[in-house]
Every structure is written in structure tokens, then in C-alpha cells.
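User: Please take me through the cysteines and one helix of this structure, with the reasoning behind each value.

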Amino acid sequence: GRVQADVTDAVTRPLVIGTAAGESFFERLPDHIPAAGNLKEGDIIAVGPVGLEGTCILVCEQFKALRERFPMSILTRMMKALEELSILKEAEISAQDAPVMVSSGEGGFFAGLWELSGKTGCGLEADLQTVPILQETIEITDYFGINPYAMRSAGSLLIAARDGDRLIQRFAEKGRAAVRIGKLTSGKDKIIRNGEDVRYLDRPQTDALVQWYRESAGLNTQD
């Protein structure tokens, strides 16, 4: 396990976020998951909207500012979404077909892609326009000038699967949505496409939400 603490005057009340990683989680899944090292190519599948956790935190902590801009129904829905960030069921569905799964927690979607690449030993190509993200997340993060793809995303799962179509069908049979957002490649480059724009993924730095809080408090430090 790991504990990380960030202190900022911008947070007006205690905010506790836990991220746990360990073998005990996978002990609850089927015991025939192939070793990550056996995967040299495949599809990248995303389940759950990215940036949702960070959006929920922003709504809870910046409610007063947001209620002047957004309908109460949206803010209420985002606050309740904090209770729906578990990915255990999604991981269980994926276990038969997915050697590698990464939860996009701290650092968000970009950090999750970086970790997925490291665990598979592969490069990757991902299409940002196919990544599941709520319109509420786009609008709220835009209001604060935060990159939603680089902030906390518990509830979002990135999966490296040998057969993406088969895994997507498995999710559909369970009444859950999964989408192919890219593929693993034999090289080391980590390429992000967004329409005609192409960029290379950099090593993730400070979570965008944490950095925003620091800047709001006048603490412009980097990890």
C-alpha cells in the first residue's frame, strides 16, 4: 500500500482520497490471468469515464463558485458519483481476456497510459477522441483551466487485451460499456492522437488537480 499527503490552503475542509494497490486485489480475480510479460501486442480498452473522480472533488470543494455557473442538477449528480467509483466488477469481467489492467487514479488517464506501457513493455497509440469522458467533466475542468486527462480518475479502468472485440462483447453481455481507444505497439513511443494533432506522451508529473490547488494557494512547486 501507499499513502500520499498533499496540503494546500485552497481546500476548505478535510479531503481524504485513498488509493490502494497490491496482490490482495487480484487474489479476488480468477487465477488464470496470463503474465503481463507475455503480451506484446493488443488493443487498449477503456471502461468508465476519465476525470470523474477529480470532477466530483471539484464540485464538492468548489460548490459555491460552480453553482453560479452550472445547474444544481449537474452538481448534485457529480457529488453522488463519488459513491460509484469502484472498478472491481469491471476488473472481474476483464480477467479472462486481459493480462494487464490499470486503474487511472492519481495523475489520471495520461498516468494510466504510462503505467500500462510500463507493465506491458510496449509502446502505444491512443486516440483521445475515443476516450470516454462526461460532458460535465469537460465543462467543469474547462471552467477551472484543468486538464481532465491528467487529473484523478478513480472509476476508470485501462485494459490491455489481446482481443479487444471479444472483451468489448463480454462487457456488453454484462450490460456495461467498454470502448477501444488505441493499441499497443512493438516500439517504445507513446503516441496520443487528437484529430490531426499528434503528440508524444511525457512522463506524468503532478496530478493536474493537485497542481491547480497549489497554484490557487500560490504554491507553484513541482514534484
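The questions below concern disulfides, burial and a helix.

Analyst: This is a predicted model, in which local features need pLDDT of at least 70 and side-chain atom pairs count only at pLDDT 80 or more, while totals for chains, interfaces and linings use all residues. Residues are numbered from 1 along each chain as its sequence is written, and side-chain values use heavy atoms, with hydrogens and water left out.

User: How many disulfides does the count give?

Analyst: A disulfide is taken as a pair of cysteine sulfur atoms within 2.5 Å. For Cys60 the closest cysteine sulfur is that of Cys56, at 6.7 Å, which is too far for a bond. By this rule, the number of disulfides is zero.

User: What is the distance between the end C-alpha atoms of helix H6?

Analyst: Helices are DSSP runs (H or I, at least four residues), numbered from the N terminus. The expected span is 1.5 Å times one less than the number of residues. H6 covers residues 108-120, so its 13 residues should span 18 Å, and this agrees with the distance between its end C-alpha atoms, 18 Å.

User: Is Ser117 buried or exposed?

Analyst: Buried means under 20% relative accessible area, exposed over 50%, and partly exposed in between (1.4 Å probe, protein chains only). Ser117 lies in helix H6. Because its relative accessible area is 4%, Ser117 is buried.

User: Which residues is Ser117 in contact with, leaving aside its neighbours within four places in sequence?

Analyst: Contact means heavy atoms within 4.5 Å. One of the partners, Cys122, is itself buried, with a relative accessible area of 2%. With those neighbours left aside, the contacts of Ser117 are Cys122, Gly123, Leu124 and Lys190.

Key. Helix = DSSP H or I, 4+ residues; strand = E, 2+ residues; numbered from the N terminus.
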